[in-house]
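Reader: Hi! I have a structure open on my screen and would love to talk it through with you. Could you start with what you mean by a contact?

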Amino acid sequence: MQKKGSRSLDPRSRSPDDTAWEDGTFKLTLEFSEEYPNKAPTVKFVTKMFHPNIYADGSICLDILQNQWSPIYDISAILTSIQSLLCDPNPSSPANSEAARLYQENRREYERKVKEIVEQSWNADDE
């Protein structure tokens, strides 16, 4: 259900090449309140994710969506920042402690789990 005056988008984000995320297609929701562009949109992954900075509900721990928001950011900047975050997580500010631990302590196992998520995203594409 949308709040009065809110707008939403339902884009799909392609993952960066030459990373464990390569070939994944991930569905996001972006909800814009009446306060946009002065307030950041609410951005969540709908597709299941395994990443140090993505919560179980799909919410994204990303500075430009929180305390570093500026009205100069557009949808393209948001999506570019999310792609960058996928490749370069911040494990010192984890939203998913298991992913952060594996990213720091066992990169091979972390990348194996990411590749599982990528493969699941292919099936989620049909939904």
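Author: Happy to! A contact means heavy atoms within 4.5 Å. Keep in mind that this is a predicted model.

Reader: Good to know. With that meaning, which residues is Asn-53 in contact with?

Author: Leaving aside neighbours within four places in sequence, Asn-53 is in contact with Ser-59, Ile-60, Cys-61, Leu-85, Pro-89, Asn-90, Ser-93, Pro-94 and Ala-95.

Reader: And where is Asn-53, and is it buried or exposed?

Author: Asn-53 sits in the loop between β4 and α1. Its relative accessible area is 1%, so Asn-53 is buried, given that buried means under 20%.

Reader: Let's zoom out. How many helices and strands are there, and in what order do they run?

Author: The protein has 3 helices and 4 strands. From the N terminus on, the order is β-β-β-β-α-α-α.

Reader: What share of the residues is buried?

Author: Of the 127 residues in the protein, 39% are buried. The accessible surface comes to about 7,700 Å², and 43% of that belongs to carbon and sulfur atoms.

Reader: How many residues does the largest nonpolar core have?

Author: The largest nonpolar core has 28 residues. Those with the most contacts inside this core are Trp-21, Val-43, Phe-45, Met-49, Ile-60, Ile-82 and Tyr-110. At least two core residues come from each of β3 (25-32), β4 (42-45), α1 (75-87), α2 (97-105) and α3 (107-124).

Reader: Ile-60 came up with Asn-53 too. What else does Ile-60 touch?

Author: Not counting residues up to four places away in sequence, Ile-60 touches Leu-28, Val-43, Phe-45, Asn-53, Leu-65, Gln-66, Ile-82 and Leu-85.

Reader: Switching to helices: which residues of α2 are buried?

Author: The buried ones in α2 are Ala-99, Ala-100, Leu-102 and Tyr-103. They cover an arc of only 165 degrees around the axis, so they lie on the same side of α2. These buried residues pack against α1 and α3.

Reader: What about the other side of α2?

Author: There, Ser-97, Gln-104 and Glu-105 are exposed.

Reader: And what caps the N-terminal end of α2?

Author: That is Asn-96, with a side-chain oxygen 3.1 Å from the backbone nitrogen of Glu-98.

Reader: Nice. Now Thr-47: where is it, and is it buried or exposed?

Author: Thr-47 is in the loop between β4 and α1. Thr-47 counts as buried because its relative accessibility is 10%. A polar atom of the Thr-47 side chain lies 2.7 Å from the backbone nitrogen of Lys-27. Leaving out residues up to four places away in sequence, Thr-47 touches Thr-25, Phe-26, Lys-27 and Ser-121.

Reader: I always check cysteines. How many disulfides does the structure hold?

Author: The structure holds 0 disulfides. As for cysteines, Cys-61 is buried, with a relative accessible area of 16%, whereas Cys-87 counts as partly exposed at 35%.

Reader: How about backbone oddities? Which peptide bond is cis?

Author: The bond from Tyr-36 to Pro-37 is cis, with omega near 15 degrees. Pro-37 lies in the loop between β3 and β4. Another one to look at is Asp-23, a residue other than glycine whose phi is positive, near 75 degrees.

Reader: Why point those out?

Author: Most residues other than glycine have a negative phi, and most peptide bonds are trans.

Reader: Fair enough! Where does Asp-23 lie?

Author: Asp-23 is in the loop between β2 (12-14) and β3. With a relative accessible area of 43%, Asp-23 is partly exposed. Glu-22 is also in the loop between β2 and β3, and Glu-22 is partly exposed at 30%.

Reader: One more on Glu-22: how far apart are the C-alpha atoms of Glu-22 and Val-118?

Author: Those C-alpha atoms are separated by 7.6 Å, although the two residues are 96 residues apart along the chain. You can also look at Gln-83 in helix α1. Gln-83 and Trp-21 are 62 residues apart in sequence and 9.5 Å apart in space, C-alpha to C-alpha.

Reader: What share of contacts joins residues at least 24 apart?

Author: Among contacts between residues at least 6 apart in sequence, 54% join residues at least 24 apart.

How values were computed. Residues are numbered from 1 along each chain as its sequence is written. This is a predicted model: local features need pLDDT of at least 70, side-chain atom pairs count only at pLDDT 80 or more; totals for chains, interfaces and linings use all residues. Side-chain values use heavy atoms; hydrogens and water are left out. A nonpolar core is a set of buried Ala, Val, Leu, Ile, Met, Phe, Trp, Tyr and Cys residues joined through side-chain atoms within 4.5 Å. Buried means under 20% relative accessible area, exposed over 50%, partly exposed in between (1.4 Å probe, protein chains only). A polar contact is a pair of N or O atoms within 3.5 Å; within protein, one must be able to donate a hydrogen and the other to accept it, and residues adjacent in sequence count only if both atoms are side-chain atoms. Accessible areas come from the Shrake-Rupley method with a 1.4 Å probe; for residues, only the protein chains shown count as cover. The arc is that of the directions from the helix axis to the C-beta atoms. A disulfide is a pair of cysteine sulfur atoms within 2.5 Å.
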